[in-house]
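Student: I should like a close look at one part of this model: the aromatic side chains, together with the secondary structure elements around them. Please take the matter step by step, in one connected account.

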Amino acid sequence: MKKQEGRMTLNGHNKHTKLARPSLGSFGRNEWAILGAPCTVIKLLADEVIKALAPDYKGAYADTTHADDVTNAPGRLGAGAVLEYTDQLQYSQLSYAAPLSPFQLRQHFSQADFVLVNGNHQQAKAQVLILDENKKASLQKRVSQLTNVELILVSDNINEVFDFIEEAVPNWRDIPVLKSDDLQGIVMFFKSKLIQNLPKINGLVLAGGKSQRMGFDKTAVKWHDKEQRYHVADMLRGFCNEVYISCRAEQQELVDKDYAVLPDTFTDLGPYGAILSAFRSEPDSAWLVVATDLPLLDETTIQHLVALRNPAAIATAYTSGFDGLPEPLITIWEPKSYPQLLAFLAQGYSCARKVLINSDTSLIPPANPDALTNVNTPDEHDRIKQLLHQKIASHD
């Protein structure tokens, strides 16, 4: 017998599709449990760090109410409601009657760039350890939680690392050590970690359309001496870790072998399915998605978008010069947009623009609006072709 995903099978058959899972912990990608100090100290430190990083990063906090703070279930929950939503004007409040599963927690925290956790009550995949003589005995009880200590903070009453910490954290000498009241240094530690963990950008060239309005394959038009799908892919290479040409499964053999292909696994959803397929392949990467029907697109326009990327948003997109709405098909989609895209799909929507409009999207005006001109019909094709010929002639 073989054990597979918690299931025993007689023939070793995999009952579950093997998926690339995002590198999430208990709550999110970047999370630290702070432990070794009283809860009040941990909360105050979390407040200061979140406040200091707020201009650039979305912070979140996780804790547990003390037993002596517990009262009867609030509001309508006490009457038997399973969920209560309250618009508190300055913030929104959701109260659940049942405990949240790890899957639900990660869904709720998916928009946060980092999560600080009260390690006296919750665990996270990385830890910030506070050494305080007054909490030595309490810390020793939690030594099993020290699986990935990344920062050590020492109080004034500490002269040396506790013996049980040296044993539990054998690499403690390699871990940064700061005074517990060095707020600036602590904030810089978290900021440097977030910069270090910034998701890499992959490029995705959308070439899976059927070109029904054009009447012929618009991805193969040679606007710039080579087929447009390859021209766009070559432009993206200077800005991306890897570049893929997105297509339908039956189109894979038609793509030049010098270019990586990423076939749709979310079928019959158009560009929306292509974006989801990219995240399914690499859920921890950001994706610079570019359509092939933008013959006037240039490297300057791509460079401008990448330079103004805002990873705290779900996406960074240009606004359309036509209607002022987001341009979803020349957009940097952050990893946090993946659960958002899936959530919209679950409600029956497969419009990438609708996701951008109804989410925390960073919008920037294009430096050159003409670069976003798209071509979908033979008349548009002829007009842009003539325009390009005129530009070439003017440079000769």
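**Aromatic pairs and their surroundings**

Tutor: In this predicted model, Tyr 230 has a relative accessible area of 9% and is therefore buried. Tyr 259, at 13%, is buried as well; the cut-off for that term is under 20%.

Aromatic pairs number 8 in the model. One of them brings Trp 32 and Phe 189 together edge-to-face, with 6.4 Å from centre to centre and 65° between the planes; an angle over 60 degrees is what places a pair in that class. The two partners come from distant parts of the chain, 157 residues apart: Trp 32 belongs to strand 3 (residues 31-35), and Phe 189 to helix 5 (residues 183-196). Trp 32 has a relative accessibility of 2%, so it counts as buried. Phe 189 has a relative accessible area of 9% and is likewise buried.

A further pair is formed by Tyr 230 and Tyr 259, whose rings are stacked at 4.6 Å centre to centre with 25° between their planes. Tyr 230 is in helix 6 (residues 228-236), whereas Tyr 259 is in the loop between strand 12 (243-247) and strand 13 (260-263), so this contact ties together parts of the chain that are 29 residues apart in sequence.

The pair at Trp 32 belongs to a wider group, since Trp 32, Phe 189 and Phe 190 make up one aromatic cluster. Elsewhere, Phe 103 has a charged neighbour over its ring: the charged end of Arg 106, 5.2 Å from the ring centre.

What surrounds Trp 32 within its own strand? Strand 3 is largely enclosed by the rest of the structure, because 5 of its 5 residues are buried. Its two faces are both covered, with Glu 31, Ala 33 and Leu 35 buried on one side and Trp 32 and Ile 34 buried on the other. Strand 3 runs parallel to strand 7 (residues 114-118), and 4 bridges join the two; in this pairing Ala 33 stands opposite Val 117. Strand 3 also runs parallel to strand 8 (residues 126-131), again through 4 bridges. There the bridge partner of Ile 34 is Val 128.

To return to the tyrosine pair, helix 6, which carries Tyr 230, lies across strand 11 (201-206), strand 12 and strand 14 (286-291), and runs at about 170° to strand 11. These strands are part of an open sheet of 7 strands with mixed pairing, in the order 13-12-11-14-16-15-17. Strand 13 and strand 17 (361-364) are its edge strands, each pairing on one side only. From one strand to the next, the twist averages 35°. At one end of that order, strand 17 pairs with strand 15 (residues 315-319) in the parallel sense over 4 bridges, with Ala 317 opposite Leu 363.

Helix 7 (residues 271-281) completes the account. In this helix 8 of the 11 residues are buried, so helix 7 is largely enclosed by the rest of the structure. The buried residues include the aromatic Tyr 272 and Phe 279, together with Gly 273, Ala 274, Ile 275, Leu 276, Ser 277 and Ala 278.

Definitions and conventions. Residues numbered from 1 in each chain as written. Predicted model: local features only at pLDDT ≥ 70, side-chain atom pairs only at ≥ 80, totals over all residues. Heavy atoms only, no water. Phe/Tyr/Trp six-rings, centres within 6.5 Å; stacked < 30°, edge-to-face > 60°. Buried < 20%, exposed > 50% of the residue type's maximum accessible area, 1.4 Å probe, protein only. Lys NZ or Arg CZ within 6 Å of the ring centre and 35° of its normal. Pairing = 2+ DSSP bridges. Axes fitted to C-alpha atoms, helices over the stretch in contact; angles between N-to-C directions. Contact = heavy atoms within 4.5 Å.
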